[in-house]
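Me: I have a model open here and would like to know how its labels were earned. Could you take me through the reasoning behind them?

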Amino acid sequence: VFRVASGLNSMVFGENEVTGQFKAVYEFSVREGTSGKALLTLYRAAMAAVKKVKSGTGVSRGTVSVSHCAVKLADRVLLGLKGRKVLIIGAGEMANSAAVAFMKEGVASVDVVNKTHSKAVELAGRYNGSHYRFSMLDRALAGSDIVLCSTASPEPVLRRELVAGAMAARPDRDLFIIDIAVPRDVEAGVGELKKVHLYDI
């Protein structure tokens, strides 16, 4: 429990987001009346351990979340993000976190595609972006420079055929795809397409 709460078992070592999730789950258990003295003792000890890990080591320095690492990767590979058009597939916590980080880097827009269209509308509205239904994914891809995939789908949502069709509409532009979903949102063959650069966890 101490290792999980401190982010030491996370995909990004020392990830801060997991500590917030740990707190939220404990608070939920208190509201639901399912926690007792034993869980309270464990929770307090875990939070003390988190504090010790974060303040006594270099674990929390720099970029410590999957979504922020993805944005930093895009920034480094593309030599800057100013004016870039971003498409986020998914509308969960990590997608929102990535959208915030992209906006801070000065991207031109953050568009959103999500299976539940109302969530896409909500997230895109926060960042002055456009929202698309999943049936319009090819159109959304065609206008983007960077695509970040973060859904909970058990199957890939970006298939090679779909991406190849979108690339045919923009033959002179590269497409940078970052897949931070587990299991993967992007079919492995997508990375073999010309002018497509695929990165995953």
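Me: How many salt bridges are there, and by what rule are they counted?

Reply: The count comes to 8 salt bridges, where a salt bridge is a side-chain nitrogen of Lys or Arg within 4 Å of a carboxyl oxygen of Asp or Glu. Please keep in mind that this is a predicted model, in which local features need pLDDT of at least 70 and side-chain atom pairs count only at pLDDT 80 or more, while totals for chains, interfaces and linings use all residues. Residues are numbered from 1 along each chain as its sequence is written, and side-chain values use heavy atoms, with hydrogens and water left out.

Me: Why is the contact of Glu122 and Arg126 called a salt bridge?

Reply: The N to O distance between the two side chains is 2.8 Å, and the limit is 4 Å, so the pair qualifies. Glu122 and Arg126 sit 4 residues apart in helix α6 (residues 117-126), about one helical turn from each other. Helices here are DSSP runs of H or I with at least four residues, strands are runs of E with at least two, and both are numbered from the N terminus.

Me: What makes Glu122 partly exposed?

Reply: Its relative accessible area is 47%. Buried means under 20%, exposed means over 50%, and partly exposed lies in between (1.4 Å probe, protein chains only), so Glu122 falls in the middle class. Arg126, with 46%, is partly exposed as well.

Me: What do Arg159 and Glu187 form, and how is each classed for exposure?

Reply: Their side chains meet in a salt bridge, 3.0 Å from N to O. Arg159 comes from the loop between β4 (146-149) and α8 (160-168) and Glu187 from the loop between β5 (175-179) and β6 (196-200), so the pair ties together parts 28 residues apart in sequence. Arg159 has 35% relative accessibility and counts as partly exposed; Glu187, at 25%, is partly exposed too.

Me: How do you know that Arg184 forms a salt bridge with Asp200?

Reply: The closest N and O atoms of Arg184 and Asp200 are 3.2 Å apart, and that meets the 4 Å rule. Arg184 is in the loop between β5 and β6 and Asp200 in strand β6, 16 residues apart, so this pair links distant parts of the chain. Arg184 is partly exposed at 43%, and Asp200 is partly exposed at 36%. Shared partners also join Glu155, Arg159 and Glu187 into one salt-bridge network.

Me: How many aromatic pairs are there, and why is that of Tyr26 and Tyr43 called stacked?

Reply: The structure holds 3 aromatic pairs. Rings of Phe, Tyr and Trp (its six-membered ring) pair if their centres lie within 6.5 Å; planes under 30 degrees apart count as stacked, over 60 as edge-to-face and the rest as tilted. The centres of the Tyr26 and Tyr43 rings are 4.0 Å apart and their planes are at 10 degrees, so the pair is stacked. Tyr26 lies in helix α2 (residues 17-31) and Tyr43 in helix α3 (residues 37-56), so parts 17 residues apart in sequence are tied together. Tyr26, at 13% relative accessibility, counts as buried, and Tyr43 is buried at 15%.

Me: What makes the pair of Phe176 and Tyr199 tilted?

Reply: Here the centres are 5.1 Å apart and the planes are at 40 degrees, so the pair is tilted. Phe176 belongs to strand β5 and Tyr199 to strand β6, 23 residues apart in sequence. Phe176 is buried at 1%, whereas Tyr199 is partly exposed at 30%.

Me: Which residues do ring pairs link into a cluster?

Reply: Phe22, Tyr26 and Tyr43 are linked in this way.

Me: How do you know that the charged end of Lys115 sits over the ring of Phe134?

Reply: The charged end of Lys115 is 5.5 Å from the ring centre of Phe134. The rule asks for NZ of Lys or CZ of Arg within 6 Å of the centre and within 35 degrees of the ring normal.

Me: Why is Val86 called buried?

Reply: Val86 has a relative accessible area of 0%, so it is buried. Its place is in strand β1 (residues 85-89).
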